[in-house]
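Please open the structure in your viewer and keep the selection tool at hand. The stops below say what to select next and what is to be found there.

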Amino acid sequence: MKLAIFNGFRLGVVIGDAVVDVTEALPWDWDVDSEPELASWWRRLCRDYDDVRELLRKAADRGRSVPLAEVTLRAPVLNPSKIVACASNYAEHVAEMHEVQQRTLGHVESWMMEFDVFLKAPSSIVGPGDDIVLPKEIRHEVHHESELVIVIGRGGTDIPAETALSYVRGYLIGLDITVRSPHDRSRRKSHDTFSPLGPWLTTADEVPDPADLEIRLTNNGTVKQSVNTRDLITPVPRIVSYVSRMMTLYAGDLIFTGAPPGVGPIAAGDVLDTSISGLGHMRQTVR
Ligand code: MN
């Protein structure tokens with residue numbers, strides 16, 4: 001199922017190029033008057049999706065379809081307890097970062113060439129049609145990183161890689177927008193609007209193999225990043241396991257899986273189109 005959050009934080013099921021509002025089918029409180037960032041209904045849905053899947057499917061079958069072109073899609077996540085992100089997870093990207101760091105820092109930080117994870121602020125999340133806003137005070141290059149993003153369903157600690165996929169609720173597209181400056185990753189990647197997410201959550205049962213997805217990003221129509229997730233150094237199950245040995249994963253948490261090769265600078269006026277096979281596409285304008 002493709003689960004969208006749209007308009008006034010309504011829950012929708014996407015079918016073809018239309019969306020059906022299934023908010024009223026949720027068996028839990030959904031308070032339109034509450035601050036959406038505080039909403040727990042989404043995280044509960046991530047955890048308990050299997051219990052309500054048929055309810056939602058029936059509601060989607062009998063509900064009224066509205067063309068996607070007539071709604072505003074929001075980021076298909078609400079109030080994640082954390083955004084974890086992988087670094088140095090494609091060999092060709094690690095190779096290109098030697099040159100990028102020489103250009104932007106004047107030297108190479110060898111510790112940054114090893115696979116690891118870091119945190120991005122959840123306040124950096126924006127939706128699939130929202131703009132990326134370059135901070136005025138930034139004098140360094142700001143880069144696009146187009147990534148497969150994991151959404152956690154059932155949370156846990158010390159999850160074995162062998163069963164890790166059963167903890168994944170689904171997948172979506174994310175951009176990990178990054179300042180190439182000599183500061184901590186969490187600071188360089190957490191500016192407001194630096195985590196566009198979309199276009200909707202595709203549940204894991206519709207993704208037969210997360211190690212066979214095509215990621216593609218164009219900037220003003222020119223292909224900049226194009227990779228298959230089979231090239232991930234640390235694949236999805238081992239990422240989930242690795243993170244869960246460090247910090248407890250909760251329902252609705254997000255994990256960016258790492259930048260493909262082809263990262264590069266963005267400037268005001270640029271239009272980024274990002275797609276992942278089976279997960280849809282999204283478009284950001286930089287300003
Ligand atoms: Mn990244």
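**Stop one: the metal site**

Begin by selecting the manganese ion, which in this predicted model is coordinated by Glu-145 (OE), Glu-147 (OE) and Asp-176 (OD), at 2.0 to 2.1 Å. Along the chain, these donors of the manganese ion follow the spacing E-x1-E-x28-D. Colour Glu-145 and Asp-176 next: the pair links distant parts of the chain, 31 residues apart, with Glu-145 in the loop between E9 and strand E10 (146-152) and Asp-176 in the loop between strand E11 (168-175) and E12. Both Glu-145 and Asp-176 are buried.

**Stop two: the sheet**

Now select strands E12, E9 and E17, which form, in that order, an open sheet of three strands with antiparallel pairing. Strand E12 (178-179) and strand E17 (264-265) stand at the edges, and each has a single partner strand, so one side of each is left without a neighbour in the sheet. Strand E9 (residues 142-144) pairs with E12 in the antiparallel sense over two bridges, and if you pick His-143, its bridge partner in E12 is Thr-178.

**Stop three: Asn-89**

Finally, move to Asn-89, which sits in the loop between strand E6 (83-87) and helix H2 (91-105). Is Asn-89 buried or exposed? Its relative accessibility is 0%, and therefore Asn-89 counts as buried. Display its side chain, and you will find a polar atom of it 2.9 Å from the backbone oxygen of Thr-257. Leaving aside residues up to four places away in sequence, Asn-89 touches several residues, among them Phe-115, Asp-231, Ile-239, Thr-257 and Gly-258.

Key. Residues numbered from 1 in each chain as written. Predicted model: local features only at pLDDT ≥ 70, side-chain atom pairs only at ≥ 80, totals over all residues. Heavy atoms only, no water. Helix = DSSP H or I, 4+ residues; strand = E, 2+ residues; numbered from the N terminus. Buried < 20%, exposed > 50% of the residue type's maximum accessible area, 1.4 Å probe, protein only. Polar contact = N/O pair within 3.5 Å; in protein donor to acceptor, adjacent residues only side chain to side chain. Contact = heavy atoms within 4.5 Å. Pairing = 2+ DSSP bridges. Donors = N, O, S within 2.8 Å, 3.2 Å for Na, K, Ca; no water.
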